[in-house]
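Please walk me through this structure step by step, in language that suits someone in the first year of study.

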Amino acid sequence: MPDVFVNYRTGDEESAATMIARELARRFGGERIFFASNSIEPGHRFPVELIKAVEECEALLAVIGSRWTEVRDTDGRPALEAEHDWTRREIQTALDRGILVIPVLVGKAARIDRAVLPDDLRELADCQYRRFDHRNADADLTALGDALARLLPELGAVDRDARAARERAEAKSRKQPAQKRGHTRMRTRDVEQRVRGGIGNLNGDLSGTFVNEPQGPVNTGRGHQYNAPHFQGDNTGVQFTAGDNSGTVHQRFERERRRSDDGR
């Protein structure tokens, strides 16, 4: 049973009606969108199928272009005035049954004037409309689909675009904690490498800066400074720096030959 019936007039914006029906079928499923050229099986009686589909639908989209009131039938009269005109009959059936009717004005089509409508269609002029422009097709189709999903809960429940959006949001939510964990690991590894290579920050109970194997005086700013001694060669000129930076203590260790004559 279709939820949405796409109504249009032959000779007026069939291409727009086709685009609308195709997009809605993609988003909500083809079985939920009635479009005569696609939905009526070969050999079936179209008068019966059309009326049945209108009576069973939840909403009818009346696709209206600039020539909608001007198209004429085979005898030269305006098609809209003919009682057997199927575009007119479909809309009339939907209005009589209290079905939601949404005019879709295509391009520069103006809102329908009540004065040009037959008596049984004049209520159409009072229905709030949507616009569709080929130059803004993607945004207009999305807005139309969003409106139908909101107005018809059954369509909203099978909305493929809404489901895809939820899945993307969930995937992003799962990805963020993993990225944070990876960032934390990278920072920890970076600190370890910097400490091994020469300088690093110490956190936790020991707050300050660790300087590994200094080659000369080092000023690291505020906080305690913990310097690991490095002894190499004859140990001449090696320094061990301790304390805070406001009063750094330098201790030099120099190897001197013990002299027996001075008591050392």
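In this predicted model, the structure holds zero disulfides, where a disulfide would require a pair of cysteine sulfur atoms within 2.5 Å. Two of the cysteines can still be placed by their accessibility: Cys-57 has a relative accessibility of 5% and therefore counts as buried, because buried means under 20%. Cys-127, at 14% relative accessibility, counts as buried too.

For the protein as a whole, 35% of the 264 residues count as buried. Its secondary structure comes to seven helices and ten strands. When the contacts with a separation of 6 or more are considered, 58% of them are accounted for by residues 24 or more positions apart.

One pair of helices can be followed in detail. Two packed helices are described by the angle between their axes and the distance between the axes. Helix α3, which covers residues 46–56, packs with helix α4, residues 86–96, at an angle of about 30 degrees, and their axes are 9 Å apart. Because angles under 35 degrees count as roughly parallel, α3 and α4 are described as roughly parallel to each other. The crossing in which α3 passes α4 is right-handed.

Which residues in α3 and α4 meet? From α3 come Phe-46, Pro-47, Leu-50, Ile-51, Val-54 and Glu-55, and they meet Trp-86, Glu-90, Thr-93 and Ala-94 in α4. Sorted by character, the residues of this contact of α3 with α4 divide into seven nonpolar, one polar and two charged.

Note on methods: Residues are numbered from 1 along each chain as its sequence is written. This is a predicted model: local features need pLDDT of at least 70, side-chain atom pairs count only at pLDDT 80 or more; totals for chains, interfaces and linings use all residues. Side-chain values use heavy atoms; hydrogens and water are left out. Buried means under 20% relative accessible area, exposed over 50%, partly exposed in between (1.4 Å probe, protein chains only). Axes are lines fitted to C-alpha atoms, for helices over the stretch in contact, and angles run from 0 to 180 degrees between N-to-C directions. Helices (H or I, at least four residues) and strands (E, at least two) are DSSP runs, numbered from the N terminus. Angles under 35 degrees count as roughly parallel, over 145 as roughly antiparallel, 65 to 115 as roughly perpendicular and the rest as oblique. A crossing is left-handed if the near helix is turned anticlockwise from the far one by less than a right angle, and right-handed if clockwise. Contact means heavy atoms within 4.5 Å. Ala, Val, Leu, Ile, Met, Phe, Trp, Tyr, Cys and Pro count as nonpolar, Asp, Glu, Lys and Arg as charged, and the others, Gly among them, as polar.
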